[in-house]
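Let's take a friendly walk through a protein structure together. Keep the picture in view as you read, and look up each residue when it is named.

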Amino acid sequence: MTGLSTHVLDAVRGIPAAGVAVWLLRGDQRITEALTDDDGRVRELAAGLNPGDYRLFFDTGAYFAAQGTETFYPEVCIAFTVDGQSHLHVPLLLSPYAYSTYRGS
């Protein structure tokens, strides 16, 4: 069984992205949802994930709207595969017109 965490960093402002809504899906089923904390983290988004394909959604449109900033990406979806690791960390580096992600530790 695998645990999952995430961290969102606002690359333009150079600070953690607090208050970003994040939800986890497997197929069409929403498994869990949370808001990033003041450090831009969701330390335990899920625990006990079985192997398979999942998607993380980030409500980036609402985050940027709260700042009065336009964005090209109203949401970010990251698809990934759980294959038996004990923990996965999926960070998101965010700006209004670009984003990147990687498999963290």
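## Starting point: Ile-15

Let's begin with one residue and its surroundings. If we leave out neighbours within four places in sequence, Ile-15 is in contact with Leu-9 and Asp-10. Please keep in mind that this is a predicted model. Ile-15 belongs to strand 2, which covers residues 15-16.

Is Ile-15 buried, exposed or partly exposed? Its relative accessibility is 31%, and a residue counts as buried under 20% and as exposed over 50%, so Ile-15 is partly exposed. You can also look across to Asp-38: the C-alpha atoms of Ile-15 and Asp-38 are 9.7 Å apart in space, and the two residues are 23 apart in sequence.

## The whole chain

Now step back and look at the chain as a whole. How many helices and strands does the protein chain have? There are 9 strands and 1 helix. Following the sequence, you meet them in the pattern β-β-β-β-β-β-α-β-β-β. The radius of gyration is 13 Å, close to the 13 Å that the globule rule gives for 105 residues, so the chain is as compact as a globular protein of that length.

The C-alpha trace spans about 40 × 25 × 20 Å along its principal axes. Of the 105 residues, 41% count as buried. The accessible surface comes to about 5600 Å², and carbon and sulfur atoms account for 51% of it. Take the contacts between residues at least 6 apart in sequence: 57% of them join residues at least 24 apart.

## The nonpolar core

What lies in the largest nonpolar core? This core has 23 residues, and the ones with the most contacts inside it are Leu-4, Leu-24, Leu-56, Phe-58 and Phe-80. Several elements give two or more residues to the core, among them strand 1, strand 3 (21-26), strand 6 (52-58) and helix 1 (60-66).

Phe-80 is a good residue to click on. Not counting residues up to four places away in sequence, Phe-80 touches Leu-4, Leu-24, Gly-52, Asp-53, Tyr-54, Arg-55, Leu-56 and Leu-88.

## Aromatic rings

A pair of aromatic rings can be described by two values, the distance of the centres and the angle of the planes. The count here comes to 5 aromatic pairs. One of them joins Trp-23 and Phe-57, which are stacked with 5.8 Å centre to centre and 5° between the planes. Trp-23 lies in strand 3 and Phe-57 in strand 6, so this pair ties together parts that are 34 residues apart in sequence. Both partners are buried: Trp-23 has a relative accessible area of 16%, and Phe-57 has 11%.

Tyr-63 and Phe-64 form an edge-to-face pair, with 5.1 Å centre to centre and 70° between the planes. Tyr-63 counts as buried at 7% relative accessibility, and Phe-64 is buried with a relative accessible area of 1%. There is also an aromatic cluster, made of Phe-72, Tyr-73 and Tyr-99.

## Two histidines and a leucine

Let's finish with three residues that you can follow from one to the next. His-7 lies in strand 1 (residues 2-10) and is buried, with a relative accessible area of 10%. Its side chain reaches the backbone oxygen of Asp-39 at 3.0 Å. Beyond its neighbours within four places in sequence, His-7 has contacts that include His-89 and Leu-92.

His-89 is found in strand 8 and is buried, with a relative accessible area of 10%. Which side chain makes a polar contact with the side chain of His-89? The partner is Ser-5, at 2.7 Å. Other residues in contact with His-89 include Thr-6, Arg-41 and Tyr-102.

Leu-92 also lies in strand 8, and at 0% relative accessibility Leu-92 counts as buried. Among the residues in contact with Leu-92 are His-7, Val-8, Phe-58, Ile-78 and Tyr-99. Leu-92 and Arg-103 are 11 residues apart in sequence, with their C-alpha atoms 9.7 Å apart in space.

Key: Residues are numbered from 1 along each chain as its sequence is written. This is a predicted model: local features need pLDDT of at least 70, side-chain atom pairs count only at pLDDT 80 or more; totals for chains, interfaces and linings use all residues. Side-chain values use heavy atoms; hydrogens and water are left out. Helices (H or I, at least four residues) and strands (E, at least two) are DSSP runs, numbered from the N terminus. Buried means under 20% relative accessible area, exposed over 50%, partly exposed in between (1.4 Å probe, protein chains only). A polar contact is a pair of N or O atoms within 3.5 Å; within protein, one must be able to donate a hydrogen and the other to accept it, and residues adjacent in sequence count only if both atoms are side-chain atoms. Contact means heavy atoms within 4.5 Å. A nonpolar core is a set of buried Ala, Val, Leu, Ile, Met, Phe, Trp, Tyr and Cys residues joined through side-chain atoms within 4.5 Å. The radius of gyration is taken over C-alpha atoms; the globule rule is 2.2 Å times the number of residues to the power 0.38. Accessible areas come from the Shrake-Rupley method with a 1.4 Å probe; for residues, only the protein chains shown count as cover. Rings of Phe, Tyr and Trp (its six-membered ring) pair if their centres lie within 6.5 Å; planes under 30 degrees apart count as stacked, over 60 as edge-to-face and the rest as tilted.
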